[in-house]
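Trainee: Could you walk me through a few features of this model, one small step at a time?
Mentor: Happy to, so let us look at it together.

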Amino acid sequence: MTSRGHVLIVGASAAGLSTAEALRRLGHEGRLTLVDAEPHLPYDRPPLSKQVLAGAWEPARAQLRSAPQLDALAAEFIRGEPAVALDAAERTVTTASGRVLRADAVVVATGLTPYRLPGQDGLAGVHVLRGLDDALTLRARLTAGTRLVVVGEGVLGAELAATARAMGLEVTLVGMGRTLLREQLGDMVGGLLARTHTERGVQLRLGVAVAELTGTDDQLGAAVAEPPGTGGRVTGVRLVTGELLPADAVVVAIGSRPATGWLSGSGLTLGDGVECDARCRAAEGVYAVGDVASFEHAGLGRRLRLENRTNATEQAQVVAANLLGADRPYTPIPYFWTDQYDIKIQAHGLPAPAAEVTIAEGDPEQHRFAAVYREGGQVTGVLGWNMPKQARLLRQQLLSTWQPTPPLTPA
């Protein structure tokens with residue numbers, strides 16, 4: 001594609017917007033279109049489960065860019081209109097209104113769709129948290145009630161529990177794992193985090209599944225207006241053990257899947273996301289970026305799909321460069337962070353649950369330490385618990401071989 005070609009980006013969150021901005025920085029002078037299902041200006045998602053939900057931030061503060069900054073991109077934003085089909089060979093995208101957009105190159109940046117529990121869509125007061133509207137609706141519910149049940153022991157579930165507990169709610173967290181964040185960080189760190197939540201007053205029900213959501217048709221006196229067509233409001237969560245957890249609100253945080261349903265019949269290879277090569281190319285003239293992209297990591301010799309904010313912006317730089325003629329593999333050192341209470345956890349690499357964990361510095365009992373993860377004698381990840389600087393140094397020392405080519409530094 002020439003620097004004057006038309007680039008169509010489907011999805012205008014962090015990954016899509018970063019791709020557009022990188023294209024302009026790298027000299028793209030052609031037409032630029034961003035299609036997004038969201039009606040809002042592009043916003044950041046990590047604050048939704050923390051600052052926005054707690055009410056510490058007004059929604060506008062979560063916006064990624066101001067309106068004048070977006071205008072300076074000289075891009076066309078088509079908001080509130082989801083894409084429903086792609087023809088990869090023709091590089092055409094059809095939207096829900098029937099509009100057909102043709103481009104020289106297409107970038108898929110549609111992110112994730114949250115999983116739901118059976119029956120939850122028929123009950124008011126049962127929430128997922130993916131977008132800004134989800135966060136605002138949930139905040140209204142939490143400020144009107146006192147008892148929250150969080151279903152899911154991963155990063156989002158733990159963050160939601162921490163935020164709600166700090167707001168003064170009675171919080172119970174349910175999960176099938178034997179500790180918090182086990183799949184991301186393993187038993188040792190997950191156990192410390194579970195203990196922290198317990199000490200802060202969160203009731204944990206781990207290693208147990210949800211049998212059903214309970215509800216009532218009686219909505220009289222409800223403090224929060226229910227949406228049209230609601231069949232009732234939630235009253236609790238029943239576990240397979242028979243225990244009933246009363247709830248004024250329930251948040252389902254049991255994971256997400258790549259938002260690829262609209263790509264059926266597109267000609268792209270779909271597996272755990274949009275399958276791309278090491279250059280993030282899914283087909284001739286079609287790329288994927290962010291949570292939805294499954295790419296070949298040339299340094300590790302395996303396929304990865306990364307669900308984190310840092311990946312969204314770093315991958316966008318490589319995709320933009322390759323759209324303009326570069327030939328750069330994307331070889332990141334994966335990274336994610338989570339903030340819960342006064343704890344900041346930063347994880348670099350792939351700290352799998354099966355890894356052996358050793359403390360490199362600090363003391364877990366003092367709530368400040370850096371840890372190294374090894375599998376088969378090889379370092380697979382490093383982690384900092386309130387030790388960000390030490391974690392970065394360990395990353396530089398132990399994980400640099402993951403990047404066989406220099407990373408593309410954002411302008």
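**Helices, strands and loops**

Mentor: Keep in mind that this model is predicted. A good place to begin is G168, which follows α5 and has a positive phi, near 95°.

Trainee: How far apart are the end C-alpha atoms of helix α5?
Mentor: Helix α5 covers residues 155–166, which makes 12 residues. The expected span is 1.5 Å times one less than the number of residues, so for α5 we should find 16 Å. The model agrees with that, as the end C-alpha atoms of α5 are separated by 17 Å.

Trainee: Which residues of α5 are buried?
Mentor: To be called buried, a residue must have under 20% relative accessible area. In α5 the residues that meet this are G157, A158, E159, L160, A161, A162, T163 and A164.

Trainee: Is L148 buried or exposed?
Mentor: L148 sits in strand β10, residues 147–151. Leaving aside neighbours within four places in sequence, L148 is in contact with L142, A164, L169, E170, V171, T172, A249, V250 and V251. Its relative accessible area is 2%, and the cut-off is under 20%, so L148 is buried.

Trainee: What distance separates the C-alpha atoms of L148 and G177?
Mentor: Along the chain, L148 and G177 are 29 residues apart. In space, their C-alpha atoms are separated by 19 Å.

Trainee: Are α1 and α7 parallel or oblique to each other?
Mentor: Helix α1 spans residues 14–25 and helix α7 spans residues 309–323. Their axes come within 8 Å and cross at roughly 40°. Angles under 35 degrees count as roughly parallel and 65 to 115 as roughly perpendicular, so α1 and α7 are oblique.

Trainee: How many residues of the contact of α1 with α7 are nonpolar?
Mentor: On the α1 side, the residues are A14, A15, S18, T19, A22, L23 and R25, and they meet R309, A312, T313, A316, Q317, V319, A320 and L323 in α7. Dividing the residues of this contact by type gives 2 charged, 4 polar and 9 nonpolar.

Trainee: Does α1 pass α7 in a left-handed or a right-handed crossing?
Mentor: Picture the two helices with their axes crossing at roughly 40°. The way α1 passes α7 is right-handed.

Trainee: Is D133 buried or partly exposed?
Mentor: D133 belongs to helix α4, residues 132–144. Its relative accessible area is 38%, and partly exposed lies between 20% and 50%. D133 is therefore partly exposed.

Trainee: Is Q120 buried or exposed?
Mentor: Q120 is found in the loop between β8 (112–114) and β9 (126–127). Apart from neighbours within four places in sequence, Q120 is in contact with V126, H127, V128, L213 and V252. With 1% relative accessibility, Q120 counts as buried.

Trainee: What is the phi of C280?
Mentor: C280 lies in the loop between β19 (273–275) and β20 (281–283), and at 0% relative accessibility it counts as buried. C280 is a residue other than glycine, yet its phi is positive, near 70°.

Trainee: Is N386 buried or partly exposed?
Mentor: The loop between β28 (378–385) and α8 (388–398) holds N386. N386 is not a glycine, although its phi is positive at about 55°. Its relative accessibility is 22%, and buried would need under 20%, so N386 counts as partly exposed.

Terms used
Residues are numbered from 1 along each chain as its sequence is written. This is a predicted model: local features need pLDDT of at least 70, side-chain atom pairs count only at pLDDT 80 or more; totals for chains, interfaces and linings use all residues. Side-chain values use heavy atoms; hydrogens and water are left out. Axes are lines fitted to C-alpha atoms, for helices over the stretch in contact, and angles run from 0 to 180 degrees between N-to-C directions. Helices (H or I, at least four residues) and strands (E, at least two) are DSSP runs, numbered from the N terminus. Angles under 35 degrees count as roughly parallel, over 145 as roughly antiparallel, 65 to 115 as roughly perpendicular and the rest as oblique. A crossing is left-handed if the near helix is turned anticlockwise from the far one by less than a right angle, and right-handed if clockwise. Contact means heavy atoms within 4.5 Å. Ala, Val, Leu, Ile, Met, Phe, Trp, Tyr, Cys and Pro count as nonpolar, Asp, Glu, Lys and Arg as charged, and the others, Gly among them, as polar. Buried means under 20% relative accessible area, exposed over 50%, partly exposed in between (1.4 Å probe, protein chains only).
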